[in-house]
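Here are some exercises to work through at your own pace, each followed by a solution in steps. Have your viewer ready and try each task before reading on.

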Amino acid sequence: MSFTFKLTKLTIISAALAALFVPSTALAERAGLPGTDQAEARGKAIAEITDATNLGFGDTTSEMEMVLTNANGDVSERRLRFNTLENKDVTDGDWSMMIFDEPADVAGTAMMTYAHILDPDEQWMYLPALKRVKRISSVNKSGPFMGSEFAFEDFSSQEVGKYSYLWLRDEPCGEFTCHVVERRPLYKHSGYTRTLAWTDTTHYQSRKVVYYDRKNALLKTLTFGDYQQYLDKYWRAHELFMENHVTQKKTLLRWEDYAFQTGLTADDFTQNSLKRAR
């Protein structure tokens, strides 16, 4: 299961790694992955190597099906589009926009995000019923997004500098071996005290993330699958499954029709373009 989860913005590894694709095992060797006796440095290096595999993608467009399942097993579906623009400034985050097409009661609803590192992310929603753009409060990012088990902050790119890291162990995860790293948010108003992230040691892609709430209790689990490679460089998961262990609700995201380097520019990520997105 999967998602096009944009993981991080490189902060230490040189930009030269972005210009030339290197197999991920070679990336780990070239970056000099710290040993197991350096848990914090090793955890951060794993995040940076993961980010390096995604640098230079430029922009992407894709379509997504969102399948919502409540605690009683009732299912509802939505369709939307997702556009992303890579920020060439490696000290800041990427820009993204989601536009709902179906069903009719949410059609035209759109959300735009400017991701940052430690400064609050900027997010806006266009609500067609009100015919206006509404800014999402920086202190309300932990709330559910459009009735799903994803929070607003889950749809912001997960920049390296937003977290502290602690490598815990390496262990089998399906057909792979994974690094298991604890991440603690450094930015204010996160809905999580920490997350545990499983990243495979072959391609350096996310396989699972476990979230703990503000009371440090288990909240939800996200699993990734059906990865495919584009332009011989960039891995994208095509299914993402989020299970809330408190509410027993589930959300499945299925991604399709990925396109890279389509010519999107900053002009496609403004409040005016948000209004016109439908």
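## Exercise 1: A bridge between two strands

The side chains of Glu239 and Arg254 form a salt bridge, with N and O 3.9 Å apart. The model you are looking at is a predicted one.

**Task.** Find out which strands hold Glu239 and Arg254, and decide whether Glu239 is buried or partly exposed.

**Solution.**
- Step 1: check the distance. A salt bridge needs a side-chain nitrogen of Lys or Arg within 4 Å of a carboxyl oxygen of Asp or Glu, and the 3.9 Å between Glu239 and Arg254 meets that.
- Step 2: place the partners. Glu239 belongs to strand β12 (residues 234–244) and Arg254 to strand β13 (residues 250–260), so the bridge ties together parts 15 residues apart in sequence.
- Step 3: look at exposure. Buried means under 20% relative accessible area, and exposed means over 50%. Glu239 has 24%, so Glu239 is partly exposed. Arg254 has 33%, so Arg254 is partly exposed as well.

## Exercise 2: Further salt bridges

**Task.** How many salt bridges does the structure hold, and how many residues apart are Asp170 and Arg42?

**Solution.**
- Step 1: recall the principle. Opposite charges on side chains can pair when the charged atoms come close.
- Step 2: take the total. There are 13 salt bridges in the structure.
- Step 3: turn to Asp170 and Arg42, whose closest N and O atoms are 3.3 Å apart. This pair links distant parts of the chain: Asp170 is in strand β7 (residues 163–173) and Arg42 in helix α3 (residues 39–52), 128 residues apart.
- Step 4: compare the surroundings of the two partners. Asp170 is partly exposed at 34% relative accessible area, whereas Arg42 is buried at 9%.
- Step 5: add the bridge between Arg135 and Glu122, at 3.4 Å from N to O. Here Arg135 lies in strand β6 (residues 132–135) and Glu122 in strand β5 (residues 122–127), 13 residues apart. With 22% relative accessibility, Glu122 is partly exposed.

## Exercise 3: A covered strand

**Task.** How many residues of strand β4 are buried, and which residue is the bridge partner of Met98 in β4?

**Solution.**
- Step 1: count. In strand β4 (residues 110–114), 5 of 5 residues are buried.
- Step 2: sort them by face. Ala110, Met112 and Tyr114 are on one side, Met111 and Thr113 are on the other, and all of these are buried.
- Step 3: go to β3 (residues 95–102). This strand runs antiparallel to β4 and is joined to β4 by 5 bridges. The partner of Met98 in β4 is Met111.
- Step 4: go to β5. Strands β4 and β5 are antiparallel too, joined by 5 bridges. Tyr114 has Glu122 as its bridge partner in β5. Glu122 is a residue you have already met, in the salt bridge with Arg135.

## Exercise 4: Aromatic pairs

**Task.** Are Phe100 and Phe145 a stacked, edge-to-face or tilted pair, and which residues form a cluster through ring pairs?

**Solution.**
- Step 1: start from the total. The whole structure has 12 aromatic pairs.
- Step 2: classify the pair of Phe100 and Phe145. Planes under 30 degrees apart count as stacked, and those over 60 as edge-to-face. With ring centres 5.8 Å apart and planes at 40°, the pair is therefore tilted.
- Step 3: locate the two rings. Phe100 sits in strand β3 and Phe145 in the loop between β6 and β7, 45 residues apart. Phe100 is buried at 1% relative accessibility, and Phe145 is buried at 0%.
- Step 4: repeat for Tyr192 and Tyr211. Their ring centres are 4.8 Å apart with planes at 45°, so this pair is tilted. Both are buried: Tyr192 has 9% relative accessibility and Tyr211 has 3%.
- Step 5: trace the cluster. Ring pairs connect Phe82, Tyr230, Tyr234, Trp255, Tyr258 and Phe260.

## Exercise 5: The largest pocket

**Task.** What is the volume of the largest pocket, and how many charged residues are in its lining?

**Solution.**
- Step 1: take the volume, which is about 240 Å³.
- Step 2: find the centre. Of the 16 lining residues, Ser142, Pro144, Leu219, Lys220 and Asn244 are the closest to it.
- Step 3: split the lining by class, giving 5 nonpolar, 7 polar and 4 charged residues.

Key: Residues numbered from 1 in each chain as written. Predicted model: local features only at pLDDT ≥ 70, side-chain atom pairs only at ≥ 80, totals over all residues. Heavy atoms only, no water. Helix = DSSP H or I, 4+ residues; strand = E, 2+ residues; numbered from the N terminus. Buried < 20%, exposed > 50% of the residue type's maximum accessible area, 1.4 Å probe, protein only. 1 Å grid on protein atoms, 1.4 Å probe; cavity = no way out; pocket = protein on both sides within 12 Å on 5 of 7 lines; lining within 4 Å. Points joined across faces, edges and corners; volume = space filled by probe spheres on them. Nonpolar A, V, L, I, M, F, W, Y, C, P; charged D, E, K, R; others polar. Pairing = 2+ DSSP bridges. Phe/Tyr/Trp six-rings, centres within 6.5 Å; stacked < 30°, edge-to-face > 60°.
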